[in-house]
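Me: I would like a close look at one part of this model, starting from its ring contacts and moving out to the elements around them. Please give the reasoning behind each label.

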Amino acid sequence: MQGKVEICGVNTARLKVLSTEEMDTLLLEAKDGSEYARQQLIEGNLRLVLSVIQRFEKRGESPDDLFQVGCIGLMKAINNFDPTKQVKFSTYGVPMIAGEVRRYLRDNAAIRVSRSIRDVAYRVLQCKEALILKLGRDPTLEEISKELELPENIVSEALDAVCAPVSLHDPVYADGGDPLTVMDQVRDTKNTDENWLERIALRDAFQALGQREKQILSLRFFDGKTQMEVANLVGISQAQVSRLEKGAISAMRRQVLPS
């Protein structure tokens, strides 16, 4: 978002700034029903919207969309603000704008999660923002859970639930050439083509064995039984179990690794 001059057709470099006196006057007039004063307040507080939506710039949403949603929050703040209270408009408006953006992100999330988890997640996010202002740094998971009186695992799960999904094709590094993507760093070492071929070959070799050899290998290597236990179950001697086992393994090896 940094360096972007125009959002929704609005030149952000030329946004007007209202003085404290102008704000107070316009807020009173808007409260009395002046549509002109309301319009001036909206135009004069667009910088406030920009400052809020910058917090959400890494959520993968279009800045234009976030800006429009933030403006809705700004209008709600203007409509509901009571100028007779000793509160700055920005103090009241920022949570309203941020809340509107959070609702938009929640309702349009790529991954749907339950309402209860979303509610916990946004309580956690609000708490995190408050602790950042208080501590001057990012709070730990333990500090957030203590503040909300929630278990750490609940806080962690709630944050994971509303975290924006990452595409496997998102670049994580680029140095003049082809960018390094998430997919380049994530590799399934279990389900590779080589392993699939080996598993198919082993399955076929096992299926080619006789029924007794299959039974002995299953008891020995799938159920983890000793040769003596297998002998008792099958009704033959341990020496016979050992001979059949070795013969079956040799037969499978010849089929999987032909000379």
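Reply: A residue is called buried when its relative accessible area is under 20%, exposed when it is over 50%, and partly exposed in between. The model is predicted. Phe-81 has a relative accessible area of 4%, so Phe-81 is buried. Tyr-92 comes out at 28%, and that value makes Tyr-92 partly exposed.

The next step is the rings. Two rings count as a pair if their centres lie within 6.5 Å; planes over 60 degrees apart make the pair edge-to-face, planes under 30 make it stacked, and the rest are tilted. By this rule there are two aromatic pairs. One of them joins Phe-81 and Phe-89, with 5.3 Å from centre to centre and 85° between the planes, and is edge-to-face. Phe-81 and Phe-89 are both buried. In the pair of Phe-81 and Tyr-92, the ring centres are 5.5 Å apart and the planes meet at 55°, so this pair is tilted. Phe-81 sits in the loop between α4 (63-80) and α5 (89-107), while Tyr-92 belongs to helix α5, so the pair ties together parts that are 11 residues apart in sequence. Through these ring pairs Phe-81, Phe-89 and Tyr-92 are linked into a cluster.

The two helices on either side of that loop can be described by their axes. α4 and α5 pack with their axes 8 Å apart, at an angle of about 135°. Angles of 65 to 115 degrees count as roughly perpendicular and those over 145 as roughly antiparallel. The angle for this pair therefore makes α4 oblique to α5. The crossing in which α4 passes α5 is right-handed. Ala-77 is a residue of helix α4. Its relative accessible area is 0%, so Ala-77 is buried. The C-alpha atoms of Ala-77 and Pro-95 are 9.0 Å apart, with the two positions 18 residues apart along the chain.

α4 also has a partner in helix α3 (residues 46-53). The axes of α3 and α4 come within 9 Å and cross at roughly 125°. α3 and α4 are therefore oblique to each other, and α3 passes α4 in a right-handed crossing. There is also a link from helix α2 (residues 35-44), where Gln-39 lies. Gln-39 has a relative accessible area of 35%, so Gln-39 is partly exposed. Between the C-alpha atoms of Gln-39 and Ile-78 the separation is 9.9 Å, although 39 residues of sequence lie between these positions.

Further along the chain, helix α6 (residues 115-135) packs with α7, at an angle of about 110° and with the axes 10 Å apart. α6 and α7 are therefore roughly perpendicular to each other. α6 passes α7 in a right-handed crossing.

In helix α7 (residues 141-148), the buried residues are Ile-144, Ser-145 and Leu-148. Seen down the axis of α7, these residues fall within an arc of 95°, so they line one face of the helix. The face of α7 turned away from the buried side carries Glu-142 and Lys-146, which are exposed. Glu-149 follows α7 and is placed in the loop between α7 and α8 (152-162). The phi of Glu-149 is near 55°, a positive value in a residue other than glycine. With a relative accessible area of 72%, Glu-149 is exposed.

Helix α12 (residues 227-234) can be treated in the manner used for α7. The buried residues of α12 are Gln-227, Val-230, Ala-231 and Val-234. They cover an arc of only 100° around the axis, so they are on the same side of α12. Asn-232 and Leu-233 are exposed on the other side of α12.

One further contact involves a ring and a charge. Arg-220 lies over the face of Phe-221, at 5.4 Å from the ring centre.

To return to the part examined first, Phe-81 is a member of both the edge-to-face pair with Phe-89 and the tilted pair with Tyr-92.

Definitions and conventions
Residues numbered from 1 in each chain as written. Predicted model: local features only at pLDDT ≥ 70, side-chain atom pairs only at ≥ 80, totals over all residues. Heavy atoms only, no water. Phe/Tyr/Trp six-rings, centres within 6.5 Å; stacked < 30°, edge-to-face > 60°. Buried < 20%, exposed > 50% of the residue type's maximum accessible area, 1.4 Å probe, protein only. Helix = DSSP H or I, 4+ residues; strand = E, 2+ residues; numbered from the N terminus. Lys NZ or Arg CZ within 6 Å of the ring centre and 35° of its normal. Arc of directions from axis to C-beta. Axes fitted to C-alpha atoms, helices over the stretch in contact; angles between N-to-C directions. Parallel < 35°, antiparallel > 145°, perpendicular 65-115°, else oblique. Left-handed = near helix turned anticlockwise from the far one by under 90°.
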